[in-house]
Amino acid sequence: MNVRSERWTVRPSFVPHGPTSPVTLLLDDAGLTQLVGEPSVAWQTPWSAFSGLQLVRFSRALALFASVDGVRYCWRTSNMADYDALASLVTQHGGQVRRRKRRALVVVVAVLVVLASLAGGIAASLSGGSSSNQEITQLRDVNLSLKDLPSAWYATSKNSTILSYLFGTPGKVVAPTTVTTTPVKKDSAFAEISTLFQHCLGVPADKDRMYGSAGQQPLDQISSSVFGTTGGGGLEVASLSQYYSSTTMVQKDTAEMRDANFGACFAQSEGGLVRYVDGTTVAKTPTGMNFQPVTFVKGFSRGGVVKLTLPDVSGPVYLVMVQLTGGHYETTLGALITKWPVEKSFVDNLANTLLSRMTSTTSAAV
């Protein structure tokens with residue numbers, strides 16, 4: 001069987017700063033050939049070189065995922081005409097074919113680590129300096145973009161959701177440059193949230209890198225826009241990326257995240273922050289559960305889930321928080337989902353997308 005399918009994009013690019021569109025895919029029993037750019041350049045890859053092959057059909061888009069030499073690639077198109085032929089080839093060569101249906105979800109993908117990351121700067125020493133323009137560009141490109149999501153998604157308006165109050169200004173470069181030694185009031189919301197985390201993980205405040213004084217600030221951090229859709233009852237997604245001056249700083253943060261209970265404790269503490277913003281009690285935040293995302297690229301990931309009941313949301317929701325680290329980068333992803341673990345694969349795919357960019361200099365979002 002031979003299939004020629006046009007109007008695709010690919011991410012990351014196959015060469016540093018290379019084109020990501022337009023892409024034409026040529027598939028046959030031998031493998032996949034990608035024609036990209038104008039004039040087009042061809043890359044041929046045999047099926048045996050792929051791992052984690054997956055074709056996902058959304059309501060108005062297709063996504064093809066595959067890993068080659070440790071890099072996770074994603075091809076996307078709104079051209080649905082070739083789905084049946086593509087599905088047949090992917091299945092024949094050991095891949096998975098899935099169909100993503102819209103569900104009535106209330107989702108707030110909340111990168112609540114904005115406050116947590118700033119917490120480490122209280123009474124902590126900051127490394128001076130700032131990222132270069134190239135590093136800032138790469139940092140911004142790590143984040144989710146509208147092209148990572150199915151059609152009909154959009155950037156939400158300011159102050160339209162809980163997330164808009166917690167997340168900060170989309171696209172703004174935040175570069176901490178000062179140190180505050182003002183002690184945190186014991187009755188403050190931050191003190192409650194940090195204590196919740198530290199008691200759960202069993203780490204003293206002076207050793208804690210997430211909320212405590214052992215934390216080190218990134219050179220810069222940038223949040224994505226909040227993306228939403230009216231389909232399925234309303235969903236929202238976002239991400240936050242951070243760049244650290246040395247990989248050693250990231251490795252030290254990762255060492256704390258490797259604790260077997262980190263995901264559950266982090267989700268619980270961030271759930272406490274959601275409850276505080278929504279006007280409920282931090283101290284009574286339910287216990288979190290650990291969740292390990294399925295990732296296909298190099299880098300570290302750890303996740304957690306906590307079940308919440310919020311005043312403005314009908315029925316219980318699950319806050320899913322995912323921490324990703326690699327090289328100089330740390331990125332946080334989270335979700336409030338009404339049906340868990342039904343949407344686990346959706347979170348897995350977003351985590352893979354982010355992690356692939358953190359560990360590849362060719363991973364600019366377009």
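This passage describes two regions of a predicted model: the surroundings of strand 6, and a six-stranded sheet with a helix packed on it.

A good place to begin is strand 6, which spans residues 62-68 and is mostly covered, with seven of its seven residues buried. The cover extends to both faces of the strand. On one side lie Leu62, Leu64, Ala66 and Val68, and on the other Ala63, Phe65 and Ser67, all of them buried.

Strand 6 has pairing partners in strand 5 and strand 7. Strand 5, formed by residues 51-57, runs antiparallel to strand 6 and is joined to it by five bridges. Here Ser51 is found opposite Ser67 of strand 6. With strand 7, residues 71-77, the pairing is again antiparallel and comprises seven bridges. In this pair, Leu64 faces Trp75 of strand 7 across the ladder. Strands 6 and 7 form a hairpin with two residues between them, and in this hairpin Asp69 adopts a positive phi near 55 degrees.

Strand 7 also contains Arg76, a residue that rewards a closer look. Arg76 is buried but makes no salt bridge. The nearest side chain of opposite charge belongs to Asp148, at a distance of 5.0 Å. Because a salt bridge requires a side-chain nitrogen of Lys or Arg within 4 Å of a carboxyl oxygen of Asp or Glu, the 5.0 Å separation from the Asp148 side chain does not qualify. The backbone of Asp148 tells another part of the story: its oxygen is reached by the Arg76 side chain at 2.9 Å.

Attention now turns to the second region, an open sheet. Its six strands are arranged in the order 10-13-17-16-15-14, with antiparallel pairing. At the edges are strand 10 (220-223) and strand 14 (289-291), each of which pairs on one side only. Between neighbouring strands of this sheet the turn averages 20 degrees when direction is ignored.

Within the sheet, strand 15 (residues 300-308) and strand 16 (residues 317-326) are linked by nine bridges in the antiparallel sense. One position to look for in this pair is Gly304, which stands opposite Met321 in strand 16. Helix 7, made up of residues 262-277, packs on the sheet and touches strand 14, strand 15, strand 16 and strand 17 (329-337). The direction of helix 7 makes about 50 degrees with that of strand 15.

Key
Residues are numbered from 1 along each chain as its sequence is written. This is a predicted model: local features need pLDDT of at least 70, side-chain atom pairs count only at pLDDT 80 or more; totals for chains, interfaces and linings use all residues. Side-chain values use heavy atoms; hydrogens and water are left out. Buried means under 20% relative accessible area, exposed over 50%, partly exposed in between (1.4 Å probe, protein chains only). Helices (H or I, at least four residues) and strands (E, at least two) are DSSP runs, numbered from the N terminus. Two strands pair if DSSP finds at least two bridges between them. Lys and Arg count as positive and Asp and Glu as negative; His and the chain ends are not counted. A polar contact is a pair of N or O atoms within 3.5 Å; within protein, one must be able to donate a hydrogen and the other to accept it, and residues adjacent in sequence count only if both atoms are side-chain atoms. Axes are lines fitted to C-alpha atoms, for helices over the stretch in contact, and angles run from 0 to 180 degrees between N-to-C directions. Contact means heavy atoms within 4.5 Å.
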